[in-house]
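Please read the following with the sequence and the model side by side. The text begins with the ligand and its surroundings, and then turns to confidence, aromatic rings and backbone geometry.

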Amino acid sequence: MSGSPLPAVASSDLARHVAQGLRRTPKTLSSMYFYDDAGSQLFQQIMALPEYYPTRTEFGLLTRHQAAISQALRPSNLAEPFFLLELGAGDGLKTKILLRHLLDTGASFTYVPVDISAAAIDGLVVSLHQELPELRVEPQVSDYATALTRMAARPGRKAVLFLGSNIGNFLPADRREFLRKLAQPLTPDDRLLIGFDLQKDPRQIRAAYDDAQGVTAAFNLNLLTRLNRELGADFDLTSWQHYTDYDPLSGAVRSYLVSTREQRVRIDALDETVAFDAWEVIHTENSYKFTRHIIQQAATEAGLEVAHFFTDEHDYFADVVLAP
Ligand code: AVI
C-alpha cells in the first residue's frame, strides 16, 4: 500500500478494517463484512445448497431434540419469564422449531433476535408475525457485543443462542475471548446454546465451501463489490477467483480471494492504491470444525460446563447447552 495518512473520509469501521487488513502479510479481510444485504441473500442461497450440509443437519438435529433442548434452556419453574437472545438470527428458520415448541408448552419468554443485517431482521420479524403471532419479539439490528451489553443490563433469566456454527468463524484466540465475554454476565440459571460443526470426511467439508453452482464463490467475491460500492474501490471482479481449502490438522476451512494477475487497485476512501502480485491472495474467512474434546476444552476455558451435547445421527453437527 502507498503510505499516505488516512483522510477523514476513511473513518468508518469498514475503511479502517480494509486499511489495516490490506497492509498485512498475507492480506486479510474479515468475513464479518460479507453480510451486507446482497451477502446475506447469497448466504441464504448457500444454506440451501446440496453441498452445504451444516444448515440442514442442524435443522434435523433441532427437530429431533426440540423437547430436550427446550427443556434444557427454559427455567425449571415453568411460569418464570425469560429472554431468548439469538446472536446472528438470520432467517430464524431453525430457531422457529424451538420457539414453536416453547410456545406450545406454555413457556413465557421474549425472543430477542440480533443481526447486523437490517434486511434479515425485517424479513424475520414479518415471518414471525405471520407464523407465530402470539410470540413477543424485540428485534435488534446491532453487533453481538452491543446486544450482549444491553442484555446484561436487563434483569431476568437468559438463554443465549448462537447457532449455525457461527462460532467456527472466529480464530481460536478470538473464540476464547468471545466465549469468555459471553459467559461473564451469565447467572447460574442462564444457559447458552451453541452450534458447532464437527470434524468429518475432509472432502465433504471442502465441498461445502466450493459448491458446483458457484454460490459460495459469488458470496466471497461480493466482498469486493462491497468495497467498490462503499469505499470507491475499483476491483475488477474478472481478475479475482474464489479459492478454499480444508486443513484437517487445525480443523480450519480457509477461504481466499485470488488475484489472477498482477494488478493495482485504487481505493478512493483510503486515498490509497494497493498492489497485488499475480496469484497473491486475500484471506477472507476461517470456518473451524470441532471435536468433542475441543468443545469441552473451550467451555472449560470460558468457565462453563457442558450441560448437554446434542448431535445428529451421523455426528456431523452438535448443538451444545453450556451452563455457568
Ligand atoms: C456463517 N458461517 C457459519 C458460514 C460457515 O459455514 O462458515 C459462512 C459460510 N461461508 C461460506 N459458506 C458459508
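Helices and strands are DSSP runs, of at least four residues for a helix and at least two for a strand, and they are numbered from the N terminus. The model described in these terms is a predicted one.

The ligand is surrounded by 13 residues, of which Tyr52, Asn169, Tyr209, Glu285 and Ser287 are the closest. Three elements, α2 (37-47), α10 (215-231) and β12 (281-288), each contribute at least two residues to this shell. Sorted by class, the shell consists of 6 nonpolar, 6 polar and 1 charged residues.

Which side chains place polar atoms beside the ligand? Tyr52 has a polar side-chain atom 2.5 Å from an oxygen atom of the ligand, and for Tyr209 an N or O atom of the side chain likewise lies 2.5 Å from a ligand oxygen atom. With Glu285 the partner is a nitrogen atom of the ligand, which lies 2.8 Å from a polar atom of the Glu285 side chain. Taken alone, the ligand would expose 340 Å², and the protein buries 98% of that area.

How far the coordinates can be trusted is the next matter. The chain has a mean pLDDT of 94, with 97% of its residues at 70 or more. Residues 1-10, however, have a pLDDT below 50, although this stretch makes 24 contacts in the model beyond its near neighbours in sequence. Where pLDDT is low, the predicted coordinates should not be read in detail. The scores for the model are ipTM 0.99 and pTM 0.93.

Aromatic rings offer another way through the fold. When ring centres within 6.5 Å are taken as a pair, the count comes to 19 aromatic pairs. One of them joins Phe34 and Phe219 in a tilted arrangement, with 4.7 Å from centre to centre and 55° between the planes. Because Phe34 belongs to the loop between β1 (27-28) and α2, whereas Phe219 belongs to helix α10, this pair ties together parts that are 185 residues apart in sequence.

Two details of the backbone remain, and each can be found in a loop. The peptide bond from Thr25 to Pro26 is cis, with omega near -5°, and Pro26 is placed in the loop between α1 (13-21) and β1. Trp279, although not a glycine, has a positive phi of about 70°, and Trp279 is placed in the loop between β11 (272-276) and β12.

Definitions and conventions
Residues numbered from 1 in each chain as written. Predicted model: local features only at pLDDT ≥ 70, side-chain atom pairs only at ≥ 80, totals over all residues. Heavy atoms only, no water. Near = heavy atom within 4 Å. Polar contact = N/O pair within 3.5 Å; in protein donor to acceptor, adjacent residues only side chain to side chain. Areas by Shrake-Rupley, 256 points an atom, 1.4 Å probe, with all protein chains shown as cover. Nonpolar A, V, L, I, M, F, W, Y, C, P; charged D, E, K, R; others polar. pLDDT = per-residue confidence, 0-100. Contact = heavy atoms within 4.5 Å. Phe/Tyr/Trp six-rings, centres within 6.5 Å; stacked < 30°, edge-to-face > 60°.
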